[in-house]
Amino acid sequence: MLSIVIIEYHSLDAVQKLYQSLQKVDIKEQYEVIASSNSLYDKAKQEAIQEEYSFARWTFNEKNGGFAYGMNQGLKIAKGDLLLITNPDVIIKSGVDEAIDFLKQHSKVGAVGPMIKDKDGEVQDSCRKYVTPANYIVRQLKRIFLHKDRISDYSYSDMQTADWIIGAFILMTREAYQLTQGLDDKYFMYAEDLDFCTRLRKAGKEIVYFPKMQVEYKGSSSARHSCKYAKIFLKSHVRYWNKFGYARYGGGVSKENGYQPYLLITAHFLRRQFYFSRTVSGRVFSQFSF
């Protein structure tokens, strides 16, 4: 059975649309839908939601502990031997059955991620190499000087192993969940997917980008436009580097000089300064994504 765990934060309409897209793709695998809510609704609202959105089993969390916390609450009650975690504002398009079959046939693979397109059909940056302070800065410099919104680490038309896949939509095995015990909920948001994939790979499982499975989704740009979210972004990544190291060597991460996070902070500050005051060749810096 497949357990589909949706994070909900004042996004009931999006949850409904996601479920409708799920019905359209007609997944052959038996499945259950779990909605994990961080919205802190009162009891009357919770009862109304359970009646109106009865297609899902609901867990109403005691606090808004962030993305990883909310996902973990849903995963704890999941019954499936396959687990799918997803943002509510995802529209499932195709290929879930094929991805399930792939996981069943390849025991060394712990998780797969889909090809992600926005509503205009533009392929999104959904799998990447490990994020280090150094390669993060290089990515931003390439965006500035090459005038590109998306800097690809991979060919998104090909199935391949990846260092990590974004947490907006991850299909994993029950074994992968047991090896990692889910997401690290010490991250409020950002880097919890990077952390999960790192721990899963260190446990001996592969992460695969599987483009036959396709969804529609456009990631948030909150950290580009808000000092509050930029601070959370930086805090999460510094925590990740302190946990696993600052540089990648041959399939893992290893510790290196501790000054590198400050280079990231400096680069991010400069980007924000340019965003508020400059354009390059008529392109506003707010277009650049993480």
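**Strand β10, its neighbours and the nonpolar core**

The structure holds zero disulfides, and this statement, like the rest of what follows, concerns a predicted model. Two of its cysteines can be placed with regard to solvent: Cys-127 counts as buried, since its relative accessibility is 0%, and Cys-197 is likewise buried, with a relative accessible area of 0%.

A convenient place to begin the walk through the interior is strand β10, which spans residues 169-173. Five of its five residues are buried, so the strand is largely enclosed by the rest of the structure. In a regular strand the side chains alternate between the two faces of the sheet. In β10, Phe-169, Leu-171 and Thr-173 point one way, while Ile-170 and Met-172 point the other way, and all of them are buried.

The pairing of β10 can then be followed to two other strands. Strand β4, made up of residues 82-86, runs antiparallel to β10 and is joined to it by five bridges; within this pairing, Leu-84 stands opposite Leu-171 of β10. Strand β6, which covers residues 109-117, also pairs with β10 in the antiparallel sense, here over two bridges, and Met-172 in β10 is the bridge partner of Ala-111.

Two residues of β10 reappear when one turns from strand pairing to side-chain packing. The largest nonpolar core has 84 residues, and those that touch the most other members are Leu-2, Val-112, Leu-171 and Met-172. The largest share of this core, seven residues, comes from helix α9, residues 227-244. The surroundings of Met-172 can be given in detail: leaving aside residues up to four places away in sequence, Met-172 touches Leu-82, Leu-83, Ile-85, Leu-103, Gly-110, Ala-111, Tyr-177 and Phe-196. Ala-111, one of these contacts, is thus also the residue that bridges to Met-172 in the strand pairing.

A polar residue in a buried setting completes the picture. Asp-97 lies in helix α4, which comprises residues 96-105, and where does its side chain reach? The side chain of Asp-97 reaches the backbone nitrogen of Lys-28, at 3.1 Å. With residues up to four places away in sequence not counted, Asp-97 touches Asp-26, Ile-27, Lys-28 and Glu-29, so that Lys-28 is both a contact of Asp-97 and the residue whose backbone nitrogen the side chain reaches. Asp-97 has a relative accessible area of 16%, and it counts as buried because this value falls under the 20% cut-off.

Notes:
Residues are numbered from 1 along each chain as its sequence is written. This is a predicted model: local features need pLDDT of at least 70, side-chain atom pairs count only at pLDDT 80 or more; totals for chains, interfaces and linings use all residues. Side-chain values use heavy atoms; hydrogens and water are left out. Buried means under 20% relative accessible area, exposed over 50%, partly exposed in between (1.4 Å probe, protein chains only). A polar contact is a pair of N or O atoms within 3.5 Å; within protein, one must be able to donate a hydrogen and the other to accept it, and residues adjacent in sequence count only if both atoms are side-chain atoms. Contact means heavy atoms within 4.5 Å. A nonpolar core is a set of buried Ala, Val, Leu, Ile, Met, Phe, Trp, Tyr and Cys residues joined through side-chain atoms within 4.5 Å. Helices (H or I, at least four residues) and strands (E, at least two) are DSSP runs, numbered from the N terminus. A disulfide is a pair of cysteine sulfur atoms within 2.5 Å. Two strands pair if DSSP finds at least two bridges between them.
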